[in-house]
Amino acid sequence: MDLDSVVGGFHRGDLVVVAGDSDMASVFASHCVLTAAVKEKVPTGVLSLTASPAWVSLCLLAVHSGESRFTVRQKLTYRPHVRSAAQHLRQLPVLVSSFVGADLSEVEEAGMRLHDHRLVVVEG
């Protein structure tokens, strides 16, 4: 099922909540971020409630390179397409912040500071 056809796409001011297990949520969030940043050139923020910026970046790299997180985590980045994906990610308008242990008001405040980011994904 195509999510865009179900929700009519993401639009400015929308709050879209998607629930799932943590692995699927990470993959889905990564796809949303990459679609916005790569295809649409939309400044995107990722606020993670459960993971470090390094872990979120690893998930983004895995999805962007088409490799598994295991492969990327084992530092098998000598593969040209993984290296190329990493270089491309560094140039994207994506900001990743971690809020492990933070209360909701801190996350809300951070989201408000990202007013110039057209998509903010809260992952966790």
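**Exercise 1. Classify R113 by accessibility, and find its charged partner.**

Is R113 buried or exposed? The classes are set by relative accessible area: buried is under 20%, exposed is over 50%, and partly exposed is in between, with a 1.4 Å probe and protein chains only. R113 has 51% relative accessibility, so R113 counts as exposed. The model is a predicted one, in which local features need pLDDT of at least 70 and side-chain atom pairs count only at pLDDT 80 or more, while totals for chains, interfaces and linings use all residues. Residues are numbered from 1 along each chain as its sequence is written, and side-chain values use heavy atoms, with hydrogens and water left out.

Next comes the partner. Side chains of opposite charge can pair when their charged atoms come close. A salt bridge requires a side-chain nitrogen of Lys or Arg within 4 Å of a carboxyl oxygen of Asp or Glu. The side chains of R113 and E109 form such a bridge, at 3.1 Å from N to O. Searching the whole structure gives 1 salt bridge.

Last, place the pair. Both R113 and E109 belong to helix α6, residues 104-113, and they sit 4 residues apart, about one turn of the helix. Helices (H or I, at least four residues) and strands (E, at least two) are DSSP runs, numbered from the N terminus.

**Exercise 2. Describe the packing of α2 against α3.**

Two packed helices are described by the angle between their axes and the distance between the axes. Axes are lines fitted to C-alpha atoms, for helices over the stretch in contact, and angles run from 0 to 180 degrees between N-to-C directions.

Step one is the geometry: the axes of α2 and α3 come within 9 Å and cross at roughly 70 degrees. Step two is the class. Angles under 35 degrees are roughly parallel, those over 145 roughly antiparallel, those from 65 to 115 roughly perpendicular, and the rest oblique. The helices α2 and α3 are therefore roughly perpendicular to each other.

Step three lists the residues. From α2 come S26, S30, H31, V33, L34 and V38, and from α3 come C59, L60, V63 and H64. These residues divide into 6 nonpolar, 4 polar and no charged. Here Ala, Val, Leu, Ile, Met, Phe, Trp, Tyr, Cys and Pro count as nonpolar, Asp, Glu, Lys and Arg as charged, and the others, Gly among them, as polar.

Step four takes S30 of helix α2. S30 counts as buried, at 3% relative accessibility. Contact means heavy atoms within 4.5 Å. Leaving aside neighbours within four places in sequence, S30 is in contact with C59, L60 and V63.

**Exercise 3. Describe the packing of α3 against α5.**

Helix α3 (residues 53-65) and helix α5 (residues 80-91) pack at about 125 degrees, with axes 9 Å apart. The two helices are therefore oblique to each other.

Which residues of α3 and α5 meet? In α3 they are L60, L61, H64 and S65, and in α5 they are H81, V82, A85, A86, H88 and L89. By type, the residues of the contact are 6 nonpolar, 4 polar and no charged.

Now consider L58, also found in helix α3. L58 has 15% relative accessibility and counts as buried. Apart from neighbours within four places in sequence, L58 is in contact with R69, V72 and R73. From L58 to P80 the C-alpha distance is 16 Å, with their positions 22 residues apart in sequence.

**Exercise 4. Examine K41 and P43 in the loop between α2 and β1.**

K41 lies in the loop between α2 (22-39) and β1 (44-48). What is unusual to check at K41 is its phi: the value is positive, about 60 degrees, although K41 is not a glycine. K41 is exposed, with a relative accessible area of 62%.

P43 lies in the loop between α2 and β1. At 26% relative accessibility, P43 counts as partly exposed.

How far apart are the C-alpha atoms of P43 and D116? They are separated by 7.3 Å, while the two residues are 73 residues apart along the chain. Leaving aside neighbours within four places in sequence, P43 is in contact with P93, D116, H117, R118 and L119.
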